[in-house]
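Trainee: I should be grateful for a close look at a single part of this protein. Please then set that part in the context of its surroundings.

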Amino acid sequence: MKRNQYPTLATRARSWLRRAVPALLLCATVAHAAAPALEAEFAAGLKEEGLAGAVWSEVLPDGTVKVGASGLRDAARQVPMQADTRMQVGSVGKVALALGVLRLVSEDRLTLDTPLQQVLPELALRNPWLASDPVRIRHLLAHTSGLDNVRFWQAFSLQPAPDTPLAAAFDGGGNLLRVRTRPGSRYAYSNMGYGLLGMVIEKVTGQPYERYLDAQLLQPLGMADSTFAFVSQTVGPHTDPRLAMGYFEHGVAQPAVPQYLRPAAQFTTTAADMGKLAQFLMGDGKLRGAQFIDLALMGALSEPAGTDAAQAGLATGHGLALAVRDRHNVVGACHPGTAVGFRAMLCIYPEQDSAFFVAFNTDAERADYERFNRLLLRDLELPLRAPAPQGTPAPTVENWQGVYVPSPSSMASMAWIDAVFGFTRVKWDGDSLFLIPFQGEPKELEPVGGLLFRASDRSTASHVLMQEDGKHVLSDGLRSYERASMLRMLVLWGSLALGAAGLLYVLVVGAWRAALRRLGRGDHLFAPLLSLLALLLPLPFFYFQSYLRLGDVTVASVLLTVATGALPLATAFGLARCWRSRGTAAEAGSWAKWDWVALLAALQLLLVLAWWGLLPLRLWQL
């Protein structure tokens, strides 16, 4: 974060001294109930958005923590949500885990610049920049390691147990830990990075990371109702009756399940405990008069540093634990979270000594969770920031016009999909910069000076244009896009259009011939059509299995692999039949040449997908 956005360390120190309730009394803060009006608005919002229940906490400038709850903890039994109900908050737990790592740094048991492979030499890390830029601890914390986010089999699997070794999450071949961008240069969210941090903690401390963090971080912070250990709603040794049931759309219940990358998303807490955590995050790093986490590290919790975007002047981005969030004319530092059946958000506002936390026991794709963030911001009465004034753009802005693709992709295995469907057009009209995504609403950016631009719903610069190694790059601090060659994009789009048309031809014409009983085994389309129809075979198996098994080897996933692997072979076989019957094309009728063209068009797309690693589709390797 920029100094004109947040106080310097000296300013923060003066602010801390002025507090009526200093950080020494953090663990003794009294929690008060939320206002009835806010609870009523939450109740109405939960009903309209189709959410089961929510808990929240607000930290006020005087040190008071207000907590509230609304809705149902257990919809089946109509058990109401209570303010002390335990919730699972997914990636919000990364903030606490980051503090655990920073505690080790403060104790000189680790440094931010320690290379990862120095701690975990057994890792099969493929880093082309190893000689000059190894992956360091700070890169893992700030999501700038260049590592992939997550693989299907790491996120969607019922194979792991609560005590599965963390190393099992990285037993996926030589390409699993491939560094795709120079470490430190670009933000790219990585659950795998935080999985590795869990392994680092275990290597340094010699004990399971859950045990260490519960005892050496949560206990000193007074977070007695929180844990990194696995907690479930079902009967067994990990059951906790205070844990809310998780839900998906339409009230579908989903108990918690163990995960491979549990350091990245396994954390159970309460609204009051998260209020204590928020207070500490806004403090000076001291507990009971002793320095618990170094003051300089506290200042870097949400300060993006070192990335190309930060060096280009963009203040938004991710620090060592939190990301700068510019929403509703209020700038703070936040972290969202998603768990199985849960959603959560933590935001702190150091300038105002205020914060909020909110968690829902429903993960619904269509729900507007942002409305609840607005309610809490309004209730905190945070002062609104005036939008940054327009500035003179650099005269070279027009040189950045073109088509941009995500770089890096969120998942390396999905790079083709991101390139073909996730592209954005950048257009400059002389006054404003326009971002026109293939999917989503266009966005107008006004210049605030040089190559910095501000979206209309932001108060500070939200995007920056850069040149890196001769490439034109657009970044908002949390996503980067590289300008792609128009020829390359036309080839990709053309390949998709031709291939889709060819497959549609096989399906329609093949079905038409079958209906007329003209589709014999010797027909050019016989094998390709059967192969296309075989793609339907896995569907009933997927329907009856949990989506949490998408990354496991199941009947459904094996059938999908066989069907997608057979499709290019069957298409090539149909083309071979066309070749062998070319001399009898007149006897075959006028459709023969179109069969040839359609099968060739379909085959080229299938080969492109195979080249990008999408065929055969093996979900357990994606």
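In which loop is the place of R288?

Mentor: The model under discussion is a predicted one. R288 has its place in the loop between β9 (286–287) and β10 (290–291). The backbone at this residue deserves attention: the phi of R288 is near 50°, a positive value in a residue other than glycine. Most residues other than glycine have a negative phi, and most peptide bonds are trans.

That second tendency leads to two further places in the chain. The peptide bond from S407 to P408 is cis, and its omega is near 0°. P408 belongs to the loop that lies between β15 (402–406) and α14 (415–421). Another cis peptide bond joins L615 to P616, with an omega of about -10°. P616 is found in the segment after α20.

Strand β15, which precedes the loop of P408, takes part in a closed barrel of eight strands, running β15-β16-β17-β18-β19-β20-β21-β22 with antiparallel pairing. On average, neighbouring strands of this sheet are turned by 35° against each other, direction ignored. One pair in the barrel may serve as an example: β21 (residues 471–475) and β22 (residues 480–483) are joined in the antiparallel sense over three bridges. Within this pair, S475 has S480 of β22 as its bridge partner.

Helix α20, after which P616 is placed, spans residues 591–611 and packs against helix α15 (residues 486–515). The two axes are 7 Å apart, and the angle between them is about 130°. Because this angle is neither within the range of 65 to 115 degrees nor over 145, α15 is oblique to α20. The crossing of α15 and α20 is left-handed.

Finally, one may turn to the enclosed spaces. A search of the whole structure finds six cavities of 30 Å³ or more. The second largest cavity has a volume of about 90 Å³. Among the residues lining this cavity are Q88, G90, F230, A256, V257, Q259 and F267; T268, A339 and V340 are also included in the lining. By character, the lining of the second largest cavity comprises seven nonpolar residues, five polar residues and no charged residues. In that count G90 is among the polar residues, because glycine is classed as polar.

How values were computed. Residues numbered from 1 in each chain as written. Predicted model: local features only at pLDDT ≥ 70, side-chain atom pairs only at ≥ 80, totals over all residues. Heavy atoms only, no water. Pairing = 2+ DSSP bridges. Helix = DSSP H or I, 4+ residues; strand = E, 2+ residues; numbered from the N terminus. Axes fitted to C-alpha atoms, helices over the stretch in contact; angles between N-to-C directions. 1 Å grid on protein atoms, 1.4 Å probe; cavity = no way out; pocket = protein on both sides within 12 Å on 5 of 7 lines; lining within 4 Å. Points joined across faces, edges and corners; volume = space filled by probe spheres on them. Parallel < 35°, antiparallel > 145°, perpendicular 65-115°, else oblique. Left-handed = near helix turned anticlockwise from the far one by under 90°.
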